[in-house]
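Here's a walk through one structure, taken a piece at a time. Keep the 3D view open as you read.

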Amino acid sequence: MNYKKDYSFPEGFLWSAATAAYQFEGAYLEDGKTMSIVDKNINPSFANTSVASDHYHRFKEDVALMKELGLKAYRFSISWPRVLPKGRGEVNQKGLQFYQNLVAELKANGIEPLATIYHFDLPACLQEEYGGWSSRQIIDDFAYFCKVLFEHLGNQVKYWFTINEQSNMFLLPYLMEFDDQIPIEKQKYEMNHIMTLAHAKAITLCREMLPDAKIGPAIGLSPNYPESCRPEDIQAAREADDFRNYLFTDLYVHGRYRENIWRYMKERGITPTIDEGDMELLKSAKPDFLGINYYQSRVVKYASESTIVRDMKVNADGRKGETEFEVVPGVYEGCNNPYLEKTDWDWEIDAIGLRTLLNELNDRYRLPIIITENGMGAVDKLTADGKVHDDYRIDYLAKHLEQCHLAIGDGVQLFGYCPWSFMDLVSTTSGFRKRYGFVYINRTDDNLKDLRRIRKESFYWYQGVIRTNEGVGG
Ligand code: BGP
């Protein structure tokens, strides 16, 4: 249903933008920081994380640009191996100081810090020592990392995100390391359980140490549409939603496994180990809000048990038509949506899908929601006039904001919007070839140039959105 146009957003809406440490900071082995698993596993054909956008050295200049943009809030992540180079134990004072300085700079400029505790960058030493997320030992190490952050940043940071895109760690092989000897699906469900326990412990600790803070997950979600009205396809879409979305949100909010997924795991002998007290911990750690990373919707159809599983090929170069869809035999397989435009990376552009998703989440959980990521990856060109004319990005964001506005009218308690990304940064799959920012970084994958910050057209557009508090922009 459509309603009369009025684009104003609620008073106090958190107009924000997002980044993540390993993609943005650079200085990946500086001042005591050690390697993370993403530093090691990032696609070697493109830029690595060693310099990235050089934010570590230029954070004051970057915060000044945030201020100029008008941001009310800023979502960033904290690098675990920068703060705890050995994954636990002694705190790296220089690493911690960087985040204290960043937060102080944000506050001094009237920008609310939104801190993500874990955004894919597990200290590589913990992976080597005990297999990272495959071992329960990580729960205590993660809790210790949280404790250090709450202790030293908690008086300034009021909004915390526990784990970024636990859901996507199932899909994207470079975000996790696996043991060749154990079936991969079994490992994934085991890791998922362990990660959810770590998330729950972080919430419990936050409640004890920072009773006034707000904390929740940042989940990567895509609504799944059926390819046709064939009942098998309708059911396949429901199940794809359960596997890729509601498995995680039900665990976070209700502390329980969905019965159909539990049955799937049981029939295949891949249920995670549940120890005494696990489910009680999960149930007791209800988040204050849901953070949602939304980029696209998906289409699925029924897949019989004999459907061949192809390797999920990631389209890294940005050549349309190269993505291989996901297949879960006996449940669903992905397929094309003929009604939607796609980015060069085959990501379907579906603003209405965001409204659908927000409403669905509101119906199920009745929790406040913040959009922690949303944006368009593209090859941006710096033209001879020294400008970047990214009208396609403005179009993408404006359409999504319009749907956010409609969703608020539908009753969704949306309290903030963090487009991905504030500035250009290293795309995990495609380096600097694929850019998302409001600010262009003058570098390529092979040439660092001068790393100059150049405001794109979308920068001025978003500035207008924030100034007027309206989704259409200035
Ligand atoms: C999300 C991640 C971000 C970011 C974004 C864009 O999954 O949370 O870290 O990378 O996707 O992805 P990409 O860089 O692969 O285009």
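How far from an oxygen atom of the ligand does a polar side-chain atom of lysine 434 lie? The distance is 2.5 Å, inside the 3.5 Å limit for a polar contact between N or O atoms. Before going on, a word on the source: this is a predicted model, where local features need pLDDT of at least 70, side-chain atom pairs count only at pLDDT 80 or more, and totals for chains, interfaces and linings use all residues. Residues are numbered from 1 along each chain as its sequence is written, and side-chain values use heavy atoms, with hydrogens and water left out.

Back to the ligand. Glutamine 23 puts a side-chain N or O atom 2.8 Å from a ligand oxygen, and histidine 119 has a side-chain N or O atom 2.8 Å from an oxygen of the ligand too. The protein buries 94% of the 380 Å² that the ligand exposes when taken alone (Shrake-Rupley areas, 1.4 Å probe). Around the ligand sit 16 residues, each with a heavy atom within 4 Å of it.

Now find helix α5, residues 93–108 (a helix is a DSSP run of H or I, at least four residues). Its buried residues include Leu96, Phe98 and Leu102, where buried means under 20% relative accessible area, exposed over 50%, and partly exposed in between, with a 1.4 Å probe and protein chains only. Because the buried residues cover an arc of only 150° around the axis, they're on the same side of α5; the arc is taken from directions between the helix axis and the C-beta atoms. Gln93, Lys94 and Ala108 are exposed on the face turned away from that buried side.

Definitions and conventions:
A polar contact is a pair of N or O atoms within 3.5 Å; within protein, one must be able to donate a hydrogen and the other to accept it, and residues adjacent in sequence count only if both atoms are side-chain atoms. Helices (H or I, at least four residues) and strands (E, at least two) are DSSP runs, numbered from the N terminus. The expected span of a helix is 1.5 Å times one less than its number of residues.
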